[in-house]
Amino acid sequence: MLNVIRSEAIRIAQRRTLLIWFGLMAGFAVMVNTVMGSALSASTGGLPTPGVSLPTREELETSSGIVAGLWSASNMFGVVTLSLWAFFTAQDYSSGLIRLLVASEPNRIRLLAGKAITLAAFTALAVTVAVIANIVAAPAIGGSGISTAAWGQDLPAVLGKAWINLYLSQLIWGALGLVIAVVSRSAMTAVSLGVGYVLTVESVVRMIDGAPVDQLLGTTLGAIAKGGTEVVSYQTAATLGLGYGLIGFIIAGLVFVRRDVTD
Amino acid sequence: MTVVVTENLTRQFGQVKALDAVSLQLPKGGVIGLVGPNGSGKSTLIRTLLGLIRATSGTAEVLGHSTNRPGEYASRVGVLIENPAFVGSLSAEKNLLSLAALRGIPASRVGQVLKQVGLAGREHEPVRSFSLGMKQRLGIASALLTSPDLLILDEPTNGLDPAGIVEIRGLLKTLAKEGRTVVVSSHLLSELESICDHLVIIRFGKVLFNGPMSQMLERTGAYIDIDTERDADRSALAKALKAAGWKVDVTADGLRVHAAKNRSAELNRFASEAKITLVRIAVAQESLEDLFLEMTGRTDGELAESRAAVKGRNK
């Protein structure tokens, strides 16, 4: 397994791609924190923005308010993570490298697990970048008349919890990207499905009366990133999210092991 | 000693049998040519041997291990499958380092194989800037990483210039001399005939020939090309010759009689007695390529027609 992880790490550690990945994470963190204050000035919160779930003024003024940008933009981060996991997985198919990889390491489950572990390690870095960018950009919210007096209380615990929750949600987003890429063998398809789902499908489903909104992927993973919401508890979201991830991995594993490597 | 053994190996894709009950024994050592037209089943055979695709029926062994458990021989086999596949944005060295890491091979081996294929000095360049020939060399370098007992190279000279082809041929010969078995596929026999010790010819998933190169050479025969003064006499002469026991093919510009050159006078007399005047008598020796084309079909159109006929029969 270590050999697979080392091999994947060499291929994934491409400066340009990592810059895009980490840059997007940092960019979204900064962007959400920058717009959050002015958006809240015009509303009491909870704006129905596709992919972004803005906090209320009360939430922002608690000690956890400093990391509100992270869970607000968690689904946008999720789309980035899904896209990058899908890209690195589908790249093996589009380049034809998959033939050489499977011929070199015929244990396909080991190959898939090694790739997932390596991507999970890089995702940890990406989440760390997002958290740092968030901390740097969060003071911008204070300029919108929101009290930040409570922000310093218990800061390490707040940041640690925010990191873990965001990381967990990103792992599930990434796993879904990997699954779609393995099944479709196309990064473009995986990215289109991911972005289309978050920005369109969930928004439309939310408009339907009686729709199981609290079980939707974006809602679930958003709730994990936030540490639970009024609609979905953290425990329920985590169970559901891990269930999504597990089912995804089983599908990806079955497809990857059983399918012929023909191209 | 054999490196590959297959028994009734069959792989079917829908109606088409890419491999049709292939039974083979490939000897250890030397260069083994796997030759056949495009779509003949070469790549399917190679992928089945490497465990990339599963056989519909039949069995196969590589280095004494079943292809159902490719992990048992993967570390002893070096492969280049169709076009060399690398991450274009990474350097040649990083691509090989990644593959070396996957196989648990020390990084120091990367420099050695790059030098072996003539890419030393280009290792830091991104692969996307490489020509097809350079990518082929890099593909061969990746196949050599494990110092394999068995090398399986699918069309390794594809895209190389003539000098590159000669160089790769030399490299393959050297590798075989070091005691390795090198299986090389190509759709052109002429590319391989000078280096092969053993030859497998495959067409429509069936093995047409499997044996030492010398045995194939023995099959090449002499022939006499003749032509009649009047076009109308051609078919009559062909019919008469066949009736008299001669082996005759009708060609675009006359008749080809498969016979030794010392029978040309006899052939001339035969035509004369049949009141047919010959305007051309030319003796020649059949080349290996002629024999190959005769066995596999001369043109893509001919192949497509034959393939359609086979599919029709299978229905």
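**Salt bridges, burial and a sheet: how the labels are earned**

Author: B:Arg11 counts as buried, at 12% relative accessibility. Keep in mind that this is a predicted model.

Reader: Why is B:Arg11 called buried?

Author: The label needs a relative accessible area under 20%. B:Arg11 comes in at 12%, so it counts as buried.

Reader: And what makes A:Asp260 and B:Arg11 a salt bridge?

Author: The cut-off is a side-chain nitrogen within 4 Å of a carboxyl oxygen. Here the N to O distance is 2.5 Å, so the pair qualifies. It also crosses between chains: A:Asp260 sits in the segment after helix 12 (234-258) of chain A, and B:Arg11 is in strand 1 (residues 2-13) of chain B.

Reader: Is A:Asp260 buried or exposed?

Author: Buried: its relative accessible area is 17%, and the limit is under 20%.

Reader: What about B:Arg180 and B:Glu178, how do you know that they form a salt bridge?

Author: Their closest N and O atoms are 2.2 Å apart, and anything within 4 Å will do. The two get separate burial labels, though. B:Arg180 has 13% relative accessible area and is buried. B:Glu178 has 47%, and since partly exposed runs between 20% and 50%, that is its label.

Reader: How many salt bridges does the search of the whole structure find?

Author: It finds 17 over all chains. Another one is B:Asp227 with B:Arg234, at 3.0 Å from N to O, and both of those residues are buried. Then A:Glu8, A:Arg11, A:Asp92 and A:Lys115 are joined into one network by salt bridges that share partners.

Reader: Why can A:Val183 be part of a surface patch?

Author: A patch member needs over 30% relative accessible area. A:Val183 has 41%, so it clears that bar and is labelled partly exposed. This residue of helix 9 (residues 155-184) of chain A forms a nonpolar patch with A:Ile247 and A:Ile251, about 250 Å² of accessible area together.

Reader: Now the open sheet in chain B: what is the strand order?

Author: The six strands run 6-7-8-3-9-10, with mixed pairing.

Reader: What makes strand 6 and strand 10 of chain B edge strands?

Author: Strand 6 (77-80) and strand 10 (206-212) each have a single partner strand, so one side of each has no neighbour in the sheet.

Reader: How do you know that strand 3 and strand 9 of chain B pair?

Author: Pairing takes at least two bridges. Strand 3 (residues 30-35) and strand 9 (residues 198-203) have four, in the parallel sense, so they count as paired. B:Gly33, for one, has B:Leu199 as its bridge partner in strand 9.

Key
Residues numbered from 1 in each chain as written. Chains lettered and ligands numbered in written order. Predicted model: local features only at pLDDT ≥ 70, side-chain atom pairs only at ≥ 80, totals over all residues. Heavy atoms only, no water. Helix = DSSP H or I, 4+ residues; strand = E, 2+ residues; numbered from the N terminus. Patch = residues over 30% accessible without salt bridge, like charges linked within 9 Å, V, L, I, M, F, W, Y side chains within 5 Å. Areas by Shrake-Rupley, 256 points an atom, 1.4 Å probe, with all protein chains shown as cover. Buried < 20%, exposed > 50% of the residue type's maximum accessible area, 1.4 Å probe, protein only.
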